[in-house]
Amino acid sequence: MEQRALLCALPLLALTACATGGREPPVAVRIANAAPAVSVTARGETAPVGTANADAADDPAIWRNAADPAQSLIVGTDKKAGLYVYGLDGRTRDFLDAGRVNNVDLRDGVAINGRSGILVVASDRNDVAGAKLALFRLDPASAKLTALGKVDGGRGEAYGVCLYRDAATTYAFIVLKDGTVNQVALDASGATPAGHIVRRMKLGTQSEGCAVDDRTGILYVAEEDVGLWRFDARATGSTTPTRIAAVDGRNLVADAEGVAIAPIGERDGYVLVSSQGDNGYAVYRMSDDSYAGRFRVVDGAIGGSEETDGIDLMLGDFGPDYPGGLFVAQDGHNAMAAQNFKLVAWDDIARALERFPSDRN
């Protein structure tokens, strides 16, 4: 999402001003028209990004510390300024001035400068006519980011990014603002990173959020006003998309934004999509693309999340505060502070979805 009028993110008394002139109805109306959603609360939040009074925080990526899960890290973008690294306590561990980087993803165990490491890749929109992928190494001990360089992402404005690894290659899918999706083979093993576009795919209108299931080789992409799609992620696969869900104003309310996956077993699990228009998150089953429910992150001891852009999710042990896994959502309206990211335990979400109304149509 590019910044909507700031008035539309203010309390409900101000929202009626956003419903005129053929624009989207106010958030209160969109929530009322949306399908039922269960509620969860955040267990943590990050420090606000440095850019205040703007649509700035955008997309998170999670690195899990297998040896000490409570020491895991979150990389988040301030799309006006650069990249942050946070601990699970929400404190800022590092900031790297990288300019206008929009979305971010990472993979561990990638060859970087001759040794295995954590590769962080961000969609770089410093040049709106020429998309780039900005590559970084994340040091898990110091939580510091080191810039490695940039590779070409194609002609157009960079929006979304997600990574995919097969047996031989690490790929980045860069989603351009016009719905073009370029698959880029990456090589960070040398002194300077390299990359080349191996194929192109296309959705009809503005798109951004994406995620890839490395197990199944399926790429999920959100077309903001249309719906959620899946592609074959393999470099030799079909470029024809299959629509999983439509933006229908009920289960999925425009914009469809961030995408994250919860892989379970060999092929099952869930796909989560930010239903930005009603401050919700829609959940779909991987096994048959069916609708599984919706949830919202509401105010509790920590504030909820609204107008979410990017999300990420990783299952597994993240210490006692985040049983079952960690869900991270950008918060587009963080009370009186700058935007930040909210942290939710996956077990809280899973238990809430078990209570989802039986009528799921």
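In this predicted model, a disulfide ties Cys162 to Cys210, with the two sulfurs 2.3 Å apart. The two cysteines come from distant parts of the chain: Cys162 belongs to strand β11 (residues 158-165) and Cys210 to strand β15 (residues 207-213), with their positions 48 residues apart. A search of the whole structure turns up 1 disulfide. Its handedness can be read off as well, since the angle about the S-S bond is -120° and the link of Cys162 and Cys210 is left-handed. Are the two ends of this link buried or exposed? Cys162 has a relative accessible area of 1%, so it counts as buried. Cys210 is buried too, with a relative accessible area of 8%.

Strand β15 turns up again when the empty space in the model is mapped, as one of the strands that line the largest cavity. Rolling a probe the size of a water molecule over the atoms shows where empty space is left. How many cavities of 30 Å³ or more does the structure hold? The count is 1, and the largest cavity takes up about 30 Å³. Its lining is made of Asp58, Asp59, Asn103, Glu208, Gly209, Glu257, Gly258, Asp309 and Gly310. Along with β15, strands β3 (57-63) and β19 (256-264) each put at least two residues into that lining. Sorted by class, the lining of the largest cavity comes out with 5 charged residues, 4 polar ones and no nonpolar ones.

Then there is the largest pocket, with about 580 Å³ of space. A set of 29 residues lines this pocket, and Asp105, Arg107, Asp312, Leu313 and Met314 are the ones nearest its centre. Six strands each bring at least two residues to the lining of the largest pocket: β3, β7 (101-112), β11, β15, β19 and β23 (311-315). Which strand gives the most to this lining? That is β7, with 6 residues. By class, the lining of the largest pocket has 17 nonpolar, 9 charged and 3 polar residues. Strands β11 and β15, which carry the two disulfide cysteines, are both among the strands lining the largest pocket.

The backbone has a few oddities of its own. Most residues other than glycine have a negative phi, and most peptide bonds are trans. The peptide bond running from Ala254 to Asp255, however, is cis, with omega near 5°. Asp255 sits in the loop between β18 (242-246) and β19. Asn53 is not a glycine, yet its phi is positive, at about 55°. Its place is the loop between β2 (44-45) and β3, and with a relative accessible area of 74% Asn53 is exposed. Asn113 also has a positive phi, near 50°, in a residue other than glycine. This asparagine lies in the loop between β7 and β8 (115-124). Is Asn113 exposed or only partly exposed? Its relative accessible area is 39%, so Asn113 falls into the partly exposed class.

Two residues from the early part of the chain are worth a look. Val29 is part of helix α2 and, at 35% relative accessibility, is partly exposed. Between the C-alpha atoms of Val29 and Ala345 there are 29 Å, while the two are 316 residues apart along the chain. Ala34 lies in the loop between α2 (27-33) and β1 (38-41). What does Ala34 touch, leaving aside residues up to four places away in sequence? Its partners are Gly249, Arg250, Val253, Asp278, Arg294 and Arg296. Ala34 is buried, with a relative accessible area of 10%. From Ala34 to Leu119, 85 residues apart along the chain, the C-alpha atoms are separated by 38 Å.

As for confidence, the protein chain has a mean pLDDT of 92, and 92% of its residues reach 70 or more. Residues 1-22 are another matter, with pLDDT below 50 over that stretch. Even so, the model gives this stretch 42 contacts beyond near neighbours in sequence.

Definitions and conventions:
Residues are numbered from 1 along each chain as its sequence is written. This is a predicted model: local features need pLDDT of at least 70, side-chain atom pairs count only at pLDDT 80 or more; totals for chains, interfaces and linings use all residues. Side-chain values use heavy atoms; hydrogens and water are left out. A disulfide is a pair of cysteine sulfur atoms within 2.5 Å. Helices (H or I, at least four residues) and strands (E, at least two) are DSSP runs, numbered from the N terminus. Buried means under 20% relative accessible area, exposed over 50%, partly exposed in between (1.4 Å probe, protein chains only). On a 1 Å grid over the protein atoms alone, a cavity is a set of points where a 1.4 Å probe fits but cannot get out, and a pocket is an open set with protein on both sides within 12 Å along at least five of seven lines; lining residues have an atom within 4 Å of a point. Grid points are joined across faces, edges and corners, and a volume is the space filled by probe spheres set on the points. Ala, Val, Leu, Ile, Met, Phe, Trp, Tyr, Cys and Pro count as nonpolar, Asp, Glu, Lys and Arg as charged, and the others, Gly among them, as polar. pLDDT is the predictor's confidence in each residue, from 0 to 100. Contact means heavy atoms within 4.5 Å.
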